[in-house]
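Q: Please give me a close look at how the strands of this structure are paired and at what surrounds them. I am a first-year student, so kindly explain each term when it appears.

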Amino acid sequence: MAEDIKSLSSQLAQDPLSLVFLRLAELLRQKGQLDAAHRVALSGLERHPHLADAHDLYARILADKNDFERAFDEWDMAVRIAPHHLGALKGLAFLYFKVGDIDQAVAHLEAAHKHAPDDASITQALALVRGGQPAAAAGGLGIGREEKRAAPAAAAPMEEARVFAGLEGAQEGLLLLDAAGLVLGGALRNPAGQDVTEAVAAYLAGVSQEATRTAKLLGLGTWTGLATEGGMGHVHLTSPTAESLLLVVRDRAVPMGRLAIVAQRAAHAARRWLERQA
Amino acid sequence: MTAAAFERALDMVTRVRGVRGAMLVSAADGLVVAEHLMEGIKGPAVAALAGSLSNRLGRAMEAAGVGASVFWHLQGTQGALLVVPAASGILVVAVTEAEVNIGLVRLELLRAAGAVG
């Protein structure tokens with residue numbers, strides 16, 4: 001393996017634009033030289049930013065380094081570039097599993113299975129994820145180095161009372177509204193610290209119905225999310241129930257893909273909270 | 001800007017695999033400025049709803065202090081609606097299938113919005 005690394009390094013030095021960095025970084029990763037693998041992958045990614053395999057490889061290295069947030073972003077990017085990328089789908093499934101979102105983990109594995117029905121690792125991982133064996137499932141997916149695979153904790157449930165308690169929950173950037181735009185829970189402050197809950201709620205009244213009508217008119221099926229990228233922050237809207245709308249606001253530093261995950265978890269918490277209020 | 005220039009801007013978007021159609025909409029009144037849609041999509045109605053949604057979202061985002069909307073994306077189980085507001089007040093809109101490269105469509109929409117001005 002050392003010779004392979006030397007040979008690949010030499011090839012890359014001679015042709016820095018070649019895709020040999022993919023094999024080299026993967027070899028380094030397998031050998032546990034994560035910092036070197038990181039450097040090679042990042043350098044390759046800078047030269048080939050639209051290559052899904054490069055994002056997938058970089059994500060694997062980040063996952064090995066337990067930097068799961070950035071790994072998520074990279075796998076998310078890989079899937080955006082190549083929606084059926086098996087490595088990225090499996091990687092995302094692994095991360096969803098880690099945060100306890102079994103439905104999403106299964107959905108990503110099923111998507112991968114659809115495009116690679118003969119891939120035994122996916123079949124095995126699906127069975128294990130459904131059976132709730134996290135470490136084994138991670139092994140089935142071939143993600144993470146063995147010694148670092150701690151069994152992921154079950155999803156830390158959102159503290160609904162804190163999230164939807166009113167202004168004290170404002171730091172969460174969550175707002176739960178009914179169909180008419182009346183505030184059911186949560187609160188928002190703008191960057192200047194002013195309470196903007198009612199103003200934002202007023203503008204969002206009817207958005208859920210409009211989104212439903214638009215989706216119906218265009219044959220988009222059921223709308224699952226409305227994501228907006230702003231100059232200074234990102235917003236994600238989702239509908240936890242037919243009669244409610246949940247707004248999640250985050251800084252621009254939070255990628256849209258990650259915000260969608262945060263919104264899904266918040267919607268889950270909102271549904272539970274609404275059930276308890278009924 | 002000429003009708004041909006509008007067509008060119010839309011053509012950039014519709015070339016992306018999985019895009020069912022694209023249109024330019026006046027954000028102020030929700031009217032169609034130019035369209036390049038697959039049959040079966042009701043342009044005027046889509047324009048009106050996209051314009052209305054865009055205005056609501058824009059105001060909500062301004063109130064929340066997150067700045068003007070650069071891009072928004074309505075995701076459905078069977079497809080998506082993607083919108084980029086151009087500086088001139090025109091919305092560049094794409095209707096896509098579910099399995100589309102959203103990042104690529106976003107890039108083309110931003111490019112088209114730049115061309116529209």
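A: Strand E3 of chain A and strand E3 (residues 69-76) of chain B run antiparallel and are joined by 7 bridges. Strands and helices here are DSSP runs, numbered from the N terminus, of at least two residues (E) and at least four residues (H or I) respectively; two strands pair if DSSP finds at least two bridges between them. In this pairing, A:Glu229 has B:Phe71 of E3(B) as its bridge partner.

The model is predicted, so local features need pLDDT of at least 70 and side-chain atom pairs count only at pLDDT 80 or more, while totals for chains, interfaces and linings use all residues. Residues are numbered from 1 along each chain as its sequence is written, and chains are lettered from A and ligands numbered from 1 in the order in which they are written.

The pairing belongs to an open sheet of 10 antiparallel strands, ordered E2(A)-E1(A)-E5(A)-E4(A)-E3(A)-E3(B)-E4(B)-E5(B)-E1(B)-E2(B). E2 (183-187) of chain A and E2 of chain B stand at the edges; each has a single partner strand, so one side of each lacks a neighbour in the sheet. On average, neighbouring strands are turned by 15° against each other, direction ignored. (Axes are lines fitted to C-alpha atoms, for helices over the stretch in contact, and angles between N-to-C directions run from 0 to 180 degrees.)

At the chain A edge, E1 (residues 174-178) runs antiparallel to E2(A) over 4 bridges, with A:Leu175 opposite A:Gly186. At the chain B edge, E1 (residues 19-26) and E2 (residues 31-37) pair in the antiparallel sense over 6 bridges, and B:Met23 stands opposite B:Glu35. These two strands of chain B form a hairpin with 4 residues between them, where B:Gly30 in the turn has a positive phi of about 70°.

Helices lie across the sheet. H13 (residues 256-277) of chain A crosses E1, E2, E3, E4 and E5 (244-251) of chain A, at about 140° to E5(A). H2(B) lies across E3, E4 and E5 of chain A together with E1, E2, E3, E4 (79-85) and E5 (90-97) of chain B, at about 115° to E2(B).

The contact between the chains takes 37 residues from chain A and 36 residues from chain B (two residues are in contact if their C-beta atoms, placed from the backbone, lie within 7 Å). The elements that give two or more residues to the chain A side include strands E3 (223-230) and E4 (233-238) and helix H12 (207-218). That side has 22 nonpolar, 11 polar and 4 charged residues (Ala, Val, Leu, Ile, Met, Phe, Trp, Tyr, Cys and Pro count as nonpolar, Asp, Glu, Lys and Arg as charged, and the others, Gly among them, as polar).

In the largest nonpolar core, of 78 residues, A:Val200, A:Leu246 and A:Leu247 touch the most other members. H2 (residues 43-64) of chain B gives the most to this core, with 10 residues. (Such a core is a set of buried Ala, Val, Leu, Ile, Met, Phe, Trp, Tyr and Cys residues joined through C-beta atoms within 7 Å; a residue is buried if 20 or more other C-beta atoms, placed from the backbone, lie within 10 Å of its own, exposed if 12 or fewer, and partly exposed in between.) Not counting residues up to four places away in sequence, the residues that A:Leu246 touches include A:Leu174, A:Leu176 and A:Leu237.
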